[in-house]
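Opening the notebook on this chain. I want to go from the overall build down to single residues and jot down what turns up.

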Amino acid sequence: MLPDSPFLPLPARILAVQDLTPDVKLFRVEIEDPRARENFRHRPGQFAFVSAFGMGESPFTFASYPSPDGVLEFAIRRVGTVSSALHELEPEEAVGIRGPFGNAFPMDEYRGKNIIIIGGGIGLAPLRPVIQAVLNHREEYGELLVIYGARTPADLVFAHEFPSWAEAPRTRVELTVDRGNGGWQGRVALVPTVIKELKPSPENTITITCGPPIMIRFVLAELKALNFAPMQIVTTLESKMKCGMGKCARCNIGEKYVCQDGPVFSFSEISRFLEQG
Ligand SMILES: Cc1cc2nc3c(=O)[nH]c(=O)nc-3n(C[C@H](O)[C@H](O)[C@H](O)COP(=O)(O)OP(=O)(O)OC[C@H]3O[C@@H](n4cnc5c(N)ncnc54)[C@H](O)[C@@H]3O)c2cc1C
């Protein structure tokens with residue numbers, strides 16, 4: 001029988017595991033029951049709780065655009081109990097999936113607009129489905145600019161996909177690292193500095209950012225300085241949470257619940273809280 005409580009995970013199976021960086025792995029996962037798999041519909045920006053049985057569950061964003069075969073992808077950084085237990089798992093082993101939760105990027109509203117993706121580190125994971133959505137329907141959107149940075153070249157997630165993104169029509173990928181190494185010929189600068197340097201125009205443009213809180217704070221300041229209006233600045237926020245359904249009251253930022261009102265917010269919704277914090 002299928003679980004019918006939103007607190008019970010759906011049994012799922014790992015199809016493949018890929019190393020993205022020294023501490024981030026990409027998990028391709030399939031919900032076991034075909035009917036549950038078909039009914040499980042997620043949108044870019046949403047997240048699920050992934051459980052390592054016997055250890056617990058943690059929230060992770062869907063790292064890929066919904067695929068017709070129902071395969072789900074999660075890019076998971078090893079930081080603690082659950083993520084370390086997941087990193088020990090191999091293909092064919094079991095995990096649990098609970099979700100989807102949260103709101104999504106309004107991809108329909110972005111049609112016809114230029115889109116600037118601004119990511120830092122593992123923060124590219126929730127932005128990848130947006131990039132995939134634009135590239136899958138390239139003619140429906142304006143210019144796509146991806147500004148992405150990580151601590152070192154080895155920490156850039158999805159690096160193997162950058163060349164194909166950059167080759168797409170009207171698409172530009174600007175990479176940066178905090179610290180280079182011998183083989184790195186690209187830019188060495190912080191992400192907000194790259195924005196300052198490129199000076200993108202706010203005209204008919206939406207910016208979507210995700211990364212460490214300190215990066216988000218400085219990115220917002222740069223975008224404001226370039227006259228982006230609060231409604232043109234979209235960010236995803238993280239907060240500790242247990243339920244994903246507004247019950248445990250762990251994830252509130254001011255009066256907003258990250259699990260239900262977010263994780264996708266426009267700057268106009270959260271500027272008051274960010275400026276206080
Ligand atoms: C909506 C949402 C989407 C997320 N998407 C992703 C994703 O795609 N990939 C990914 O790797 N991580 C993601 N995270 C963060 C991830 O949930 C935490 O890193 C996770 O809880 C770690 O579980 P753990 O048991 O391994 O760590 P724990 O043992 O619980 O904690 C290890 C350390 O991480 C800190 N930590 C725990 N949870 C968070 C959090 N939510 N934010 C900041 N620090 C935290 C703890 O304070 C502690 O220092 C997301 C979080 C949220 C809320």
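**Surface and overall build**

Before anything else, a reminder to myself that this is a predicted model. I started from the outside: the accessible surface of the chain comes to about 13,200 Å², and carbon and sulfur atoms hold 51% of that. Then I looked up burial, and 50% of the 277 residues count as buried.

Next I went through the secondary structure, which comes to 7 helices and 15 strands. The radius of gyration is 18 Å, close to the 19 Å from the globule rule for 277 residues, so the chain is as compact as a globular protein of that length. I also noted the box filled by the C-alpha atoms, roughly 55 × 45 × 35 Å along the principal axes.

How much of the contact list comes from residues 24 or more positions apart? I took the contacts with a separation of 6 or more, and such residues account for 68% of them.

I checked charges too. The chain has 29 positive and 32 negative charges, and their mean positions are 5 Å apart.

**The cores**

Which residues have the most contacts inside the largest nonpolar core? I wrote down Phe105, Tyr110, Ile117, Leu124, Phe158 and Ile208, out of 34 residues in that core. The elements giving it two or more residues are strands S2 (24-31), S7 (114-120), S8 (144-150), S9 (171-177) and S11 (205-210), plus helices H3 (128-136) and H4 (162-167). Apart from this core I found another, of 22 residues, with Ala52, Phe60, Leu86 and Val95 among them.

I picked Phe105 for a closer look. Leaving out neighbours within four places in sequence, Phe105 is in contact with Pro44, Gly45, Tyr110, Pro126, Leu127, Val130, Ile208, Val234, Thr236 and Val264. Two of the names on that list, Tyr110 and Ile208, I had already written down for the core.

**Helix H3**

Phe105 touches Val130, and Val130 is one of the buried residues of H3, which took me to that helix. Is H3 enclosed or open? I count it as largely enclosed by the rest of the structure, because 7 of its 9 residues are buried. They are Arg128, Pro129, Val130, Ile131, Gln132, Ala133 and Val134. I then looked for what covers them, and the cover includes strand S5 (72-77), S7, S8, H4 and S11.

**Backbone oddities**

Most residues other than glycine have a negative phi, and most peptide bonds are trans. I went looking for exceptions.

- The peptide bond from Gly99 to Pro100 is cis, with omega near -10°. I placed Pro100 in strand S6 (residues 94-101).
- Gly262 and Pro263 are also joined by a cis peptide bond, with omega about 10°. Pro263 sits in the loop between strand S14 (256-257) and strand S15 (264-266).
- Glu92 has a positive phi, near 85°. I found Glu92 in the loop between helix H2 (81-87) and S6, and it is exposed, with a relative accessible area of 54%.
- Asn204 has a positive phi as well, near 50°. Its place is in the loop between helix H5 (191-198) and S11, and at 41% relative accessibility I list Asn204 as partly exposed.

**Two loop residues**

I went back to Gly262, which lies in the loop between S14 and S15. Is Gly262 buried or exposed? I get a relative accessible area of 0%, so I enter Gly262 as buried, the cut-off being under 20%. Beyond its neighbours within four places in sequence, Gly262 is in contact with Gly102, Asn103 and Tyr257. I also took the separation to Arg35, which is 227 residues away along the chain: 28 Å between the C-alpha atoms.

Pro230 came last. I found it in the loop between helix H6 (213-225) and strand S12 (233-236). It is partly exposed, at 38% relative accessible area. Leaving aside sequence neighbours within four places, the contacts of Pro230 are Ser266, Phe267 and Ser268. Where does Ala94 lie relative to Pro230? Their C-alpha atoms are separated by 43 Å, with the two positions 136 residues apart along the chain.

Conventions
Residues numbered from 1 in each chain as written. Predicted model: local features only at pLDDT ≥ 70, side-chain atom pairs only at ≥ 80, totals over all residues. Heavy atoms only, no water. Helix = DSSP H or I, 4+ residues; strand = E, 2+ residues; numbered from the N terminus. Rg over C-alpha atoms; globule rule 2.2 N^0.38 Å. Buried < 20%, exposed > 50% of the residue type's maximum accessible area, 1.4 Å probe, protein only. Contact = heavy atoms within 4.5 Å. Areas by Shrake-Rupley, 256 points an atom, 1.4 Å probe, with all protein chains shown as cover. Lys, Arg positive; Asp, Glu negative; His and termini not counted. Charge placed at Lys NZ, Arg CZ, Asp CG, Glu CD. Core = buried A, V, L, I, M, F, W, Y, C linked by side-chain atoms within 4.5 Å.
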